[in-house]
Amino acid sequence: MDSNNVGAQPTVMKESKNKIKVDFERTPLKERLKAKFINTYFIKNVVFKLFRVIFLLGIAYVILYPFITKIAGSFMSREDFVDVTVMLIPKNFTLDTYKAVWTDLGYLEAFKNTLLLSLACAVLQTFACCLIAYGLAKYKFKGNKILFLLVVLTMIIPHRTLEFSLEMAFKNFDILGIISFLSGGVISGLNVFGSGEIAATHSINLLGTVWPMIILSVTGLAFKNGLYIFMLRQFFRGIPDSLEESAYIDGSGDFRTFLQIIIPMSVPMMITVFLFSFCWQWTDLFYTNLFFDPAYYKNPEEEINFLSKLYTGVSAGRIEALDYEYEGRALYEQATRNTCFLMAIAPLVVLYVFLQRYLVEGIERSGLTAE
C-alpha cells in the first residue's frame with residue numbers, strides 16, 4: 001500500500017500542476033495579467049531592479065565622465081575651445097592634437113624608452129619578489145615575522161618621506177664604502193661635535209641613469225614591492241608542503257624545487273604581479289622626476305624622454321600649436337595634457353584586454369586570507 005502511494009505521488013503532483021495550468025490559461029487575459037503583475041512581490045522586484053540600474057548608472061557616470069570629456073576634447077579644433085556652444089561633441093573634428101603630441105613631443109621615442117624600462121623593472125621585480133616571498137612563506141627562522149612586518153610597513157610609508165634619502169644615496173652611491181676603499185679614497189670631513197658634514201672622496205653619481213631603478217627592482221626595495229611580496233607570500237603559503245617534501249625525497253635541492261615545481265604553479269600569480277609592476281612603472285612620476293631630473297644632465301636636450309615627461313613638454317611650450325596670443329590657449333593646453341594622458345594609458349588598456357584572464361585568475365588565487 002505504501003509502495004503504491006509512493007509511486008503514485010509524482011503522478012498526482014503532475015496532474016495537479018497540469019490542472020492548475022489549464023485553469024489559469026482558461027482565465028481571461030485581464031485577470032491573468034492582474035494576477036501576474038499586480039502583486040507585492042512583483043512590485044518590490046521591479047522597484048529594486050530600477051533602483052539598482054539608476055544607482056549603477058550614476059556611479060558609471062561619475063567615473064566615466066572625466067574620461068569622456070578628455071576623449072572629446074582631444075578631437076576638438078582650436079575654434080571649438082573658444083566656442084561657448086561646444087560642450088562635449090566637437091563641431092570641427094580634428095586629429096591635430098594627436099599629431100602635435102606625436103611629432104613635437106617625440107611620443108614614439110618616449111614610448112620606446114618607457115617600454116624598455118618598464119619591462120626590465122617589471123621582470124626583475126617579479127622574480128626578486130617571488131624569491132623573497134617564497135623564503136618568507138616556506139622557511140622558518142628567527143625574525144621571520146618581524147621581517148615580514150617590515151615588508152608590510154614599506155606599503156604605508158609615504159614616498160616623500162624617503163625622497164631626499166634616495167636622492168643622496170644614488171647621487172653618492174657607495175655600498176658600505178666598498179667603492180671608496182677599492183679606489184683608494186677615504187672618508188673625510190667628519191666632525192662629531194661640529195657640523196657633522198661627511199664627504200666621500202670617491203663615489204658614483206647614478207642620477208640621470210636607469211641604474212637606480214634597476215638596483216631597486218633587483219633588491220626588492222622599490223615602494224610597491226612590499227605589496228607584491230605580500231601577495232606572493234600569501235599564495236605560497238597555500239601550496240601544500242607535501243609537494244616540496246616529495247621533491248626533497250627524490251633528491252631535488254631547494255633552488256631546483258623552486259624553479260621546477262613552485263614557479264610553474266605560480267605562473268598566474270606571477271603574471272598578476274608583473275602586470276601590477278609594469279603598469280605602476282609605466283605611469284610612474286615619482287621615480288622619474290627624482291632620478292631623471294634635467295639638472296643632472298650636462299645637456300638638458302639629452303634628457304631621457306619618458307612618457308611622464310610629455311606633461312613637462314607641454315608646460316615648456318614644445319608644441320608649436322601652443323600660440324601665446326591665442327585666447328583659448330589655456331583650454332587648448334589642458335586638452336593637450338589630456339591627450340598625452342590618453343596616449344600614455346592606451347598601451348595599458350590594450351595590455352589589460354589581452355591579459356585580463358590571467359589578472360583575474362591571479363587575484364583569485366592570491367590567497368589573501370587572514371593569518
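**Exercise 1. Find which side chain meets Arg-160 in a salt bridge, and state how exposed each partner is.**

Step 1. In this predicted model, the side chain of Arg-160 meets that of Glu-163 in a salt bridge, at 3.0 Å from N to O. A salt bridge is a side-chain nitrogen of Lys or Arg within 4 Å of a carboxyl oxygen of Asp or Glu.

Step 2. Arg-160 is exposed, with a relative accessible area of 60%. Glu-163 is partly exposed, at 24%. The cut-offs: buried is under 20% relative accessible area, exposed is over 50%, and partly exposed is in between (1.4 Å probe, protein chains only).

A note on the model: it is predicted, local features need pLDDT of at least 70, side-chain atom pairs count only at pLDDT 80 or more, and totals for chains, interfaces and linings use all residues. Residues are numbered from 1 along each chain as its sequence is written, and side-chain values use heavy atoms, with hydrogens and water left out.

**Exercise 2. Say how many salt bridges the whole structure has, then place Lys-112 and Lys-138.**

Step 1. The search finds 4 salt bridges.

Step 2. Lys-112 pairs with Glu-109 at 3.5 Å, N to O. The two sit 3 residues apart in helix α6 (residues 107–138), so about one helical turn separates them. Helices are DSSP runs (H or I, at least four residues), numbered from the N terminus. Lys-112 is partly exposed at 42%, and Glu-109 is partly exposed at 40%.

Step 3. Lys-138 forms a salt bridge with Glu-244, with the closest N and O atoms 3.6 Å apart. This pair links distant parts of the chain: Lys-138 is in α6, Glu-244 is in helix α12 (residues 241–249), and their positions lie 106 residues apart. Both Glu-244 and Lys-138 are buried.

Step 4. Add Asp-241: Lys-138, Asp-241 and Glu-244 are linked in a network of salt bridges.

**Exercise 3. Describe the largest pocket: its volume, lining and character.**

Step 1. Its volume is about 480 Å³. A pocket is an open set of points on a 1 Å grid over the protein atoms alone, with protein on both sides within 12 Å along at least five of seven lines; lining residues have an atom within 4 Å of a point. Grid points are joined across faces, edges and corners, and a volume is the space filled by probe spheres set on them.

Step 2. The lining has 22 residues, and Thr-154, Leu-216, Gly-220, Leu-221 and Ala-222 lie nearest the centre. Elements giving two or more residues are α7 (144–153), α8 (163–171), α10 (211–219) and α11 (225–237). The largest share, 4 residues, comes from α8.

Step 3. The lining divides into 17 nonpolar, 5 polar and no charged residues. Here Ala, Val, Leu, Ile, Met, Phe, Trp, Tyr, Cys and Pro count as nonpolar, Asp, Glu, Lys and Arg as charged, and the others, Gly among them, as polar.

**Exercise 4. State where pLDDT stays under 50 from residue 186 onward, and give the chain mean.**

Step 1. The mean pLDDT is 76, and 71% of residues reach 70 or more. pLDDT is the predictor's confidence in each residue, from 0 to 100.

Step 2. The stretch is 186–201, with 19 contacts beyond four places in sequence. Contact means heavy atoms within 4.5 Å. Residues 296–303 are also below 50.

Step 3. Where pLDDT is low, the predicted coordinates should not be read in detail.

Technical notes
1 Å grid on protein atoms, 1.4 Å probe; cavity = no way out; pocket = protein on both sides within 12 Å on 5 of 7 lines; lining within 4 Å.
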